[in-house]
Amino acid sequence: MSGQTEHTARSDDAAAYVLGALDEDEAAEFGAHARSCPICAAEVARFSSAVAVLPLGVRQLTAPTSLRRRVLKEAASDARGGRRTRMRGLRSWPRFAQAGLSGAVALAAGVVIGALLLAPGRGPTTLIRATVASAAAWHAAGQPVAELERYGDRGQLLVSRLPAAAAGKVYELWIERDGAAHATNVLFEPTSSGAADVDVPGDLNGASAVLVTAERLGGAKVPTMAPLIDAQLPS
Amino acid sequence: MRELADEELMGMVRDGEMAAFEVIYDRHSGVAFSLAYRICGTRSSAEDVVQEAFLALWRSGARYDRTRGSVRTWVLGIVHNRAIDALRRNVVHDRRRASDDGIAERLEAPERTEAEVAQRDEAREIREALQALPEEQSRVIELAYYGGFTHTEIAEMLDAPVGTIKGRMRLGLEKLRGALEGSGVVTAR
């Protein structure tokens, strides 16, 4: 095979290589070749610049707040030669999605479990573990875990292991003030994995709790049942 | 800290500076999650991939070599590899495009800052450049890059010779690069 012909063929390999589309053996063989062949190395570099922007072409989403918390917590607690960072001394707790609630017993309400993170541009974040109704109150098996992440006067309810609401029902978020539950008009369903990150609309100053009930589709004006999730806000 | 360039921050990450790692995470977690979600198709798998990728960065920051590309490219390379690994392990194949209905809408990134608006514009230009390719070329690129399929698998799927598939990849990438060079997204070499 002449040099020119070989590099016509190799140019195709270079494109497949940077796309990760060569079989393992082929990729190893081509990678070794490109390291000693300036023509193929240049081809790889040329195609790589196009492939490098492909991730930016996908629909841009926001990474969930709960993921940020989990990653930073894991990093902070990671053993790296005994080095201590400014987060190292903070109390750690199990990964949110794995945090277990034993049995069907509801947790004590309103436990502030940590001033954890400095989220960008919004000050310190406080995590409040919510009371979750006992198993009998839920439509399906499973014991949800819920926390309210509060930062300043804003909040986000983070729920895992949340079963889908019963047919014809949807979860509704309420803010309790002066002993009464006020509608937020926020209706939600969990993901297929049982996760729900729900932004609490409006100002939490003066509120005493964030609540969740299951209501008919379209929501209700007042709760029709006792709260399934109850995050009590410290006064 | 937030004014520092990624490359300076990576030096601090190597020294175990948690605050620098936070800034790196905040800068790149959105696009990392978007890519992982595009490949894995479910939120839980995408979260796992992003978590693994950033923890790998934290634990092996010393491996970052600025002469081989930007921090963003490096991070996204880790995310891409891990997401494709997850696909090939069939961990997420069965759940792809299954039942995360509405999640993409709920997590759609807001445009709050000039940088975010610019990033959204850049994403739009890249999508348009991909869509402008002949369908057979954009298809093989998407199947390879986002789907994690090898050229032989793609050849079987499309009932086309392997050489044809690789040729389409090359032509597609050349056109894509040319189009993005024209719009300034990719720097000319």
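In the predicted model, residues 24 or more positions apart account for 58% of those contacts in chain A that have a separation of 6 or more. Chain A comprises four helices and 10 strands, and along the sequence these elements follow the pattern α-α-α-α-β-β-β-β-β-β-β-β-β-β, with the helices preceding the strands. Of the 235 residues in chain A, 37% count as buried. For chain B, the corresponding share of contacts with a separation of 6 or more that join residues 24 or more positions apart is 62%. Chain B contains nine helices and zero strands, so that, in the DSSP assignment of helices and strands, its elements from the N terminus on read α-α-α-α-α-α-α-α-α. Buried residues make up 42% of the 189 residues of chain B.

Within chain A, five strands are arranged in an open sheet, in the order β3-β10-β9-β6-β7, and the pairing is antiparallel. The edges of this sheet are occupied by β3 (131-132) and β7 (180-188) of chain A, and because each has a single partner strand, one side of each is left without a neighbour in the sheet. The edge strand β3(A) pairs with β10(A), which spans residues 229-232, in the antiparallel sense and over two bridges; in this pairing T131(A) stands opposite D230(A) of β10(A). On its other pairing, β10(A) is joined in the antiparallel sense to β9(A), residues 209-216, over four bridges, and here A209(A) has Q232(A) in β10(A) as its bridge partner. Both faces of β10(A) are covered, since I229(A) and A231(A) on one side, and D230(A) and Q232(A) on the other, are all buried, that is, each has 20 or more other C-beta atoms within 10 Å of its own. The two residues of β10(A) named above as bridge partners, D230(A) and Q232(A), thus lie together on one of these covered faces, in the sense of the burial criterion.

The contact between the two chains involves 48 residues of chain A and 60 residues of chain B. On the side of chain A that touches chain B, α1 (3-18), α3 (38-51) and α4 (65-77) of chain A each supply at least two residues, and α4(A) gives the most, with eight residues. By residue class, this side of chain A divides into 26 nonpolar, 10 polar and 12 charged residues.

The largest nonpolar core has 74 residues, of which A36(B), V50(B) and V79(B) touch the most other members. Helix α2 of chain B, residues 18-40, gives the most to this core, with 12 residues. When residues up to four places away in sequence are not counted, V50(B) touches A63(A) and L67(A) of chain A, together with S29(B), A32(B), F33(B), A36(B) and V79(B) of chain B. Apart from this core lies another, of 31 residues, among them A130(A), L157(A), Y171(A) and L233(A).

Among the helices of chain B, α9(B) has 21 residues and reaches 30 Å from its first C-alpha to its last, close to the 30 Å expected at 1.5 Å a residue. The buried residues of α9(B) are I165(B), K166(B), G167(B), R168(B), M169(B), R170(B), G172(B), L173(B), L176(B), R177(B) and L180(B).

Backbone conformation was also examined. Most residues other than glycine have a negative phi. In chain A, D178(A) has a positive phi of about 50° although it is not a glycine. D178(A) is found in the loop between β6 (169-177) and β7 of chain A, and because 8 other C-beta atoms lie within 10 Å, D178(A) is exposed. In chain B, D159(B) is likewise not a glycine and has a positive phi, of about 55°. D159(B) lies in the loop between α8 (151-158) and α9 (162-182) of chain B, and D159(B) counts as exposed because it has 6 C-beta neighbours inside 10 Å.

Notes
Residues numbered from 1 in each chain as written. Chains lettered and ligands numbered in written order. Predicted model: local features only at pLDDT ≥ 70, side-chain atom pairs only at ≥ 80, totals over all residues. Pairing = 2+ DSSP bridges. Buried ≥ 20, exposed ≤ 12 C-beta atoms within 10 Å, placed from the backbone. Contact = placed C-beta atoms within 7 Å. Nonpolar A, V, L, I, M, F, W, Y, C, P; charged D, E, K, R; others polar. Core = buried A, V, L, I, M, F, W, Y, C linked by C-beta atoms within 7 Å. Expected span 1.5 Å × (residues − 1).
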